[in-house]
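This report describes a two-part subject: overall chain properties, followed by selected local features. The sequence and structure are shown first.

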Amino acid sequence: MILLERGLIEFLLSFLTREELNAFLRSPQNTAALVGGLIAVCGGMLGVYLLLRGMSLTSDAISHTVLLGIVVAFLLMTETFGLEGDTSSPWLILGASLAGVATVVLTEMLYRSGLVKQDAALGLAFPLLFAIAVILVSRFVDDVHLDEDAVLVGEIGLAWANTNSHCFDNCDSVTITPDHPAAKQTRQCVNCRELGISPRDEGAEFRLTCSNCGYYTPAQAFSAGLLEREPLLVFFPKSITVMLVMTVLTTTFVLIFFKELKLTTFDAGLAQALGFRPGWLNYTLMVLVSLVAVGAFDAVGSILVIAFFIVPPAAAYLLTDRLSLMLLISPLIGAAGTFFGYDLARGQLFGVIPVSAGIAALNRLFGLELIEQWDSSISASMVLMIFILFVLAWVLSPRYGLLSTQIRLANRRRRFADQVVLAHIHNHQHTALHKTECRLDTLHKHFRWRPARMRRVMARLRALGYVRVVAGIAELTERGDRQVHAFRQTMLEARNMPDLA
Amino acid sequence: MARAQAVTAVDRRVWLMIGAIVVAGLLIIPISQQVLGLRLTYTVRVVALGGSILGVISGVLGCFAVLRGESLVGDALSHAALPGVAVAFLLAGRELSWLLIGAGIASWLGLRMVAAILQTTRIKQDAALGIALASWFAAGIALLAYIQSLPDASQAGLDHFIFGQAAAIIERDVRLVSGVGLAVLLAVALFWKEFKLVTFDAEFAGANGFRTGMINTVLSTLIVVTIVLGLQLAGVILMVGMLIAPGIAARQWTQSLDQMVILAAIFGAFAGGVGAVISALDNDIPTGPMIIVVAFALVLLSITLAPGRGLVWSRLSQRANRRRFAAQNTLRDLYRYALRHGDADSLVPDDFIRGVADRSAELGLRQLRAQGHVALSKKGWRLTESGIKRARRIDHNDQLWDMYRLHAHALDLPVLQEDRQAPVASLLPAAAIARLERKLREAEGGA
């Protein structure tokens, strides 16, 4: 991981100077947008398959149960193997992905017993694993980086602060041993607590301990004042590396197995019959979901990460019918959401509309006394932004949107009304009843319409030149006649019947 | 007839079990105090009482959620409640009843949004629930973060709604919960017939003039109320477990809705009470998660042990069936071979019977030997007196079934599910059997 980062930085340094790179990475907004964008790309692509397989809520379950994997791995590391607890250690990631698979396996076991329905099995499995994780955390773990709140609600705004330092010049690491000139020795009473005496009493035994001994990386050494020359350092946020690896993994997986994933998603039976292994592909997908969930939980928290899995694919699903396009649109929507979400957290909707104006309006309307300064959780704002984009897609989608559907329906209703009136006139035009059936002022009664609606339809038909009114009686024009016949023809063809008329 | 009687017997057994559990539950508090010397403090008793009451309500409503296949709706609804809590706090301050009303409204709006997405788009239920869950929860988190940035100190502990904070439940909360809970249970009792109908056959209900849309809305509103009441104890994440686990456990023991609901209420009360007491014994064990673990233990117990449906039960009955089947088949094979080679008690070589059906024959021979129907000699197997008698009966029954299959239509016999393990004579009237016997004699005479 460290080597990878170093390679990446060296690559970047061929374009930028060190100062520029450090300044860029030290800006919370840049780091947050980068990490968020990477999460959006991973989640967006995997989520498309989850959505199409009807497994969207599995990501919800997995994102909760990775906590169990993290906690168990953390406890094993610190208690059993005596390693230092570190929330981005590969062991934790391994534990988390195992927990993700365990969730899926437990759900399937419950479901396969035939006694529990599928959704109920999921609803049983993940609260249980999560509950166990919470109990373990509050019972055995006292670590600032690992509590339930941190897992549920991460803060992407702090991603820039958690960095690995890479040194490129003047790299002197320092190791301080007790006989080093800079070592600070303190006397500590060994048996005072046992015997209940104060260090000044007789019988107290002392031991010299070194309070600042140990290994110092160049960065630590410089900030502790142990070095004279400033090392040339680049501070690289850990989250970016983690999410970058996940993105590469996910993209490779989706590209290599595009055909297989497509087949198993849309027709698992056929895939099996053709000799593919839908089960394995499914588990791999779940492992990737767990990996992304655990990679992202630092940044956005385990509940909000599911938004990246579910909402952008759903929005993409409303915009297109093609799988490949969906795989493209969904990450884009997620990335756009994270980009604008940062501004939303800082009080700017789409970078132009200030949120505080909205709060001020609320204050005026309801006589509240809310503070107008809006400064909120960045990760939650990113999700809200993605949701706003989803609502936009829901309303405005050209094919499936609320607006276009309404317009289509209205058009159809209008065309139907036109055809009905034309057919009515056509039926009566050359009969004895023409004068009673087609009188303009009573025409609406034959359709049981309100007069206003009839007037609107007639105005339209006359403007189109299909109908003319002679002495208060409606009759078809030449054009109207042709229109009726054409419509009749299409209807008959649609029913595959010969025209008897 | 026989089946109906069996059902009533099972019915009565479940009722007896329910009665026994209730009595045991009522006795457990004095016993635990007197015998075990377990002194429960006032706080623990309040929390345990609150947990039990919530368990009863969520158990009852959870049954409907489980049966309607809407188990995960509870998950989305509980997450969706969070922004309501935040908004209610901003508008009305830290007053529990207002917070709960806000939570209820937000969660109900979330439900409407899911319905709207389902109606107007092609997105399926799971994704629609996920969208509502994530976006509503994000709104809640954003609002909570905003509230925390306010210079007012009274917001402390508002985020306990995420995890539940059972330890902070006070008597007034329990009173509120029991009052609202009683109203919810009354509503369930009032709409019992409607809920049952809508749950099991909504189309039938609609065809009979019930307003299914309205009944569904009432039912989901009651579920929302239940979830909101439970948030304090279990928190938004674990509430779904608390809602559905008692129902799923209860489902394993019974086939009737009345019993399922009552059992679920009992299981819920048990999980809530016991979980609260366990977590009270150790300060570091949070209450909500402990309740979920207890509830899941009940589910596991029910899935494995429940009579009729449970895993142990079905495994045992499968094994018994396989044995009976193997014994019967082996006996028939022995009998037919023996008849073809002389008399019914002539010797059957071991190779033959094993060659016909290897493992099943092994199983069958062991059974038959234990029952004294066959005897093993040096050269092979020989049917005993009782074995021949039994084989004859089975063979006869088998042939009657053959006759039934051939002539049922011609003889105008009632339609039966063919089950060769069962004696035909017990399934058909005597006159029909007599006709089958005649057919059988004719067939044998002809051959």
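## Chain-level properties

Chain A exposes about 25600 Å², and carbon and sulfur atoms supply 60% of that area. Accessible areas come from the Shrake-Rupley method with a 1.4 Å probe, and for residues only the protein chains shown count as cover. The structure is a predicted model, in which local features need pLDDT of at least 70 and side-chain atom pairs count only at pLDDT 80 or more, whereas totals for chains, interfaces and linings use all residues; side-chain values use heavy atoms, with hydrogens and water left out. Residues are numbered from 1 along each chain as its sequence is written, while chains are lettered from A and ligands numbered from 1 in the order in which they are written.

The accessible surface of chain B comes to about 21700 Å², with 61% belonging to carbon and sulfur atoms. The remaining chain totals are set out below. In the table, helices (H or I, at least four residues) and strands (E, at least two) are DSSP runs numbered from the N terminus. Buried means under 20% relative accessible area and exposed over 50%, with partly exposed in between (1.4 Å probe, protein chains only). A contact means heavy atoms within 4.5 Å.

| Chain | Helices and strands | Buried residues | Contacts (separation of 6 or more) between residues 24 or more positions apart |
|---|---|---|---|
| Chain A | 22 helices, ten strands | 47% of 501 residues | 68% |
| Chain B | 19 helices, three strands | 48% of 447 residues | 67% |

## Helix packing

Two helix pairs are described here, beginning with one inside chain A. The axes of helix H11 (residues 258-266) and helix H15 (residues 323-345) of chain A come within 12 Å and cross at roughly 105°. H11(A) is therefore roughly perpendicular to H15(A). Axes are lines fitted to C-alpha atoms, for helices over the stretch in contact, and angles run from 0 to 180 degrees between N-to-C directions. Angles under 35 degrees count as roughly parallel, over 145 as roughly antiparallel, 65 to 115 as roughly perpendicular and the rest as oblique.

On the H11(A) side, the residues in contact are A:Phe258, A:Lys262 and A:Phe266; they meet A:Leu323, A:Ser324 and A:Leu327 of H15(A). By class, this contact of H11(A) with H15(A) has four nonpolar residues, one polar and one charged. Here Ala, Val, Leu, Ile, Met, Phe, Trp, Tyr, Cys and Pro count as nonpolar, Asp, Glu, Lys and Arg as charged, and the others, Gly among them, as polar.

The second pair joins the two chains. Helix H4 (residues 56-80) of chain A and helix H6 (residues 125-148) of chain B have axes that come within 7 Å and cross at roughly 45°. This crossing makes H4(A) oblique to H6(B). From H4(A), A:Ser56, A:Leu57 and A:Asp60 meet B:Asp126, B:Ala127, B:Leu129, B:Gly130 and B:Leu133 in H6(B). The contact of H4(A) with H6(B) has four nonpolar, two polar and two charged residues by class.

## An enclosed helix of chain B

In helix H4 (residues 82-92) of chain B, eight of the eleven residues are buried, so this helix is largely enclosed by the rest of the structure. The buried residues of H4(B) are B:Leu82, B:Pro83, B:Gly84, B:Val85, B:Ala86, B:Ala88, B:Phe89 and B:Leu90. After H4(B) comes B:Gly93, with a positive phi near 85°.

## The sheet of chain B

Strands of a sheet pair through backbone hydrogen bonds, either parallel or antiparallel. In chain B, three strands form an open sheet in the order S1-S3-S2, with antiparallel pairing. Strand S1 (348-349) and strand S2 (374-376) of chain B are the edge strands, each pairing on one side only. Two strands pair if DSSP finds at least two bridges between them.

S2(B) pairs with strand S3 (residues 380-383) of chain B in the antiparallel sense over three bridges, and B:Ala375 has B:Arg382 in S3(B) as its bridge partner. A hairpin of three residues joins S2(B) to S3(B). The antiparallel pairing of S1(B) and S3(B) runs over two bridges; there, B:Val348 has B:Trp381 as its partner in S3(B).

## Positive phi in chain A

Most residues other than glycine have a negative phi, and most peptide bonds are trans. A:Arg448 has a positive phi near 55° and is placed in the loop between helix H20 (443-447) and helix H21 (451-463) of chain A. With a relative accessible area of 78%, A:Arg448 is exposed.

A:Ala471 also has a positive phi, near 55°. A:Ala471 lies in the loop between strand S9 (467-470) and strand S10 (473-476) of chain A, and counts as exposed at 78% relative accessibility.
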